[in-house]
Amino acid sequence: MNSLIKFFLSSRPKKNFFFFGAKQIIRGRHGARLSGLSFALVLFLLLSACQNQPVSFAPEARDFIYPGKTWDRYSSPEAAGFSSQGIQQALDYVKTLATTSLVVVHKGRILFDYGETSELSYLASVRKSVLSMLFGKYVASGQIRLNKTLAELNLTDHGSLLPQELEATIEHLLSARSGVYHPASNSGDHLAYAPPRGSKKPGTYFLYSNWDFNALGTIFEQETGLNIYDALEKDLALPLEMEDFKREMQRKSGDLSKSIHPAYHMWLSTLDMARLGYLMLREGNWKGQQLIPRDWVKKSTRAITRVHEMNPEFLRKGPLGYGYLWWVFDGPGARGPYKGAYTAIGALGQFITVIPELDLVIAHKVNNQKTKETVSRDQYLKLVDLIVKARKR
């Protein structure tokens with residue numbers, strides 16, 4: 001009992017009033033220790049007295065800086081431990097690209113930014129990583145069971161699904177390993193490279209397919225009873241105090257004659273994309289409130305499909321594997337500052353990148369309504385590398 005008490009007390013911060021008071025009472029006025037039974041009674045009384053008080057069970061959140069209605073900024077790159085010359089090189093490179101906005105956050109403050117960062121525009125496939133974030137708390141609560149099959153969900157589509165395809169689970173769809181190669185309601189995936197339908201068992205083969213991702217939107221709404229955009233507003237936009245979020249801008253699209261599952265496209269500002277990235281960097285915690293379970297953040301951003309297993313084969317030349325709707329730095333590309341890093345990727349040049357080793361978030365946008373140009377994945381990764389190299393050692 002005494003060893004358990006010591007562990008319990010030592011595992012809490014000394015600054016916390018509740019546990020400081022408990023220590024004093026347990027030790028007694030003259031240093032005498034109470035029995036295990038007395039300790040239990042004291043602990044019960046203290047808990048009862050404090051149950052209406054704001055006791056923090058995520059004290060580490062006090063050590064982090066979070067934005068309020070707006071972000072704080074560093075006075076200079078050097079104040080954040082970066083080189084002004086290195087940051088200028090990154091900015092010079094950005095100006096050669098079709099980038100319309102960029103926000104770089106280090107330890108909760110803006111390191112530097114570029115372009116119209118408050119402008120709302122289309123996120124493309126970054127929406128999928130945002131959906132992964134939304135899934136977290138409903139998986140933890142049991143409302144969504146990852147092992148539930150498409151057959152159990154009564155999920156179907158035009159022309160029906162094959163018996164083997166119906167064996168795919170929610171987890172298979174989240175990891176893009178469903179083995180379902182039904183046409184999707186929108187383009188922007190690798191279905192053109194898909195094997196014949198029914199040729200791959202669920203869970204055995206990675207393919208980036210919008211059918212999987214769109215069906216996940218349908219599943220989310222079916223299992224939670226929530227409209228996906230209402231959940232986006234309630235679970236993320238409001239608690240994160242997004243600066244520019246507009247519920248009325250969010251709308252689904254797609255050719256429903258190809259598939260009954262529409263794409264749940266999203267429109268956000270680059271500043272608000274940075275808030276999403278920062279929430280992930282803080283393992284789902286925002287100012288002491290756990291918006292996304294930590295276990296889910298860790299599970300969804302680990303490489304379920306390693307880079308050498310990616311399909312089509314040309315994806316194996318890059319640094320990225322795949323988790324639950326997040327692209328994950330893997331293999332040789334995950335060394336040094338990129339250890340544990342991951343990114344959301346959308347067509348035309350939409351990105352949210354989280355680099356935990358450097359306490360860094362990068363949000364990048366190309367507004368395709370303004371420019372016909374794009375920023376490729378390779379161009380963006382070069383930009384990220386310039387920012388990373390600007391960090392002083």
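**Exercise 1. Decide which term, buried or exposed, describes strand 10, and find which strands pair with it.**

Solution. Begin with the burial: 6 of the 6 residues of strand 10 are buried, so strand 10 is largely enclosed by the rest of the structure. Here buried means under 20% relative accessible area, exposed means over 50%, and partly exposed lies in between, with a 1.4 Å probe and protein chains only. Strands (E, at least two residues) and helices (H or I, at least four) are DSSP runs, numbered from the N terminus. The structure is a predicted model, in which local features need pLDDT of at least 70 and side-chain atom pairs count only at pLDDT 80 or more, while totals for chains, interfaces and linings use all residues. Residues are numbered from 1 along each chain as its sequence is written, and side-chain values use heavy atoms, with hydrogens and water left out.

Next, look at the directions of the side chains: Gln 350, Ile 352 and Val 354 point one way from strand 10, Phe 351, Thr 353 and Ile 355 point the other way, and all are buried.

Then turn to the neighbours, remembering that two strands pair if DSSP finds at least two bridges between them. Strand 9 (residues 342–346) pairs with strand 10 in the antiparallel sense over 5 bridges, and the bridge partner of Ile 345 in strand 10 is Phe 351. These two strands form a hairpin with 3 residues between them, where Leu 348 in the turn has a positive phi of about 80°. Strand 10 is also joined by 5 bridges to strand 11 (residues 360–365), and the two run antiparallel; in strand 11, His 364 is the bridge partner of Phe 351. The hairpin of strand 10 and strand 11 has 4 residues between the strands, and Asp 359 takes a positive phi near 55° there.

**Exercise 2. Classify the ring pairs Tyr 208 with Tyr 322 and Phe 351 with Tyr 380, and locate their residues.**

Solution. A pair of aromatic rings is described by the distance of the centres and the angle of the planes. Rings of Phe, Tyr and Trp (its six-membered ring) pair if their centres lie within 6.5 Å, and planes under 30 degrees apart count as stacked, over 60 as edge-to-face and the rest as tilted. By this rule the count comes to 17 aromatic pairs.

For Tyr 208 and Tyr 322, the ring centres are 6.2 Å apart and the planes stand at 85°, so this pair is edge-to-face. Tyr 208 lies in the loop between helix 6 (170–174) and helix 7 (210–224), and Tyr 322 lies in strand 7 (residues 320–322), so the pair ties together parts that are 114 residues apart in sequence. Tyr 208 is buried, with a relative accessible area of 5%, and Tyr 322 is buried with 1%.

For Phe 351 and Tyr 380, the pair is stacked, with 3.8 Å centre to centre and 5° between the planes. This pair links distant parts of the chain, for Phe 351 is in strand 10 (residues 350–355) and Tyr 380 in helix 11 (residues 377–389), 29 residues apart. Phe 351 counts as buried at 2% relative accessibility, and Tyr 380 counts as buried at 1%.

**Exercise 3. Find the cluster that contains Tyr 208, and the charge that sits over one of its rings.**

Solution. Ring pairs link Tyr 208 with Phe 206, Phe 213, Tyr 322 and Trp 327 into a cluster. A charge sits over a ring if NZ of Lys or CZ of Arg is within 6 Å of the ring centre and within 35 degrees of the ring normal. Arg 377 lies over the face of Trp 327, at 4.5 Å from the ring centre.
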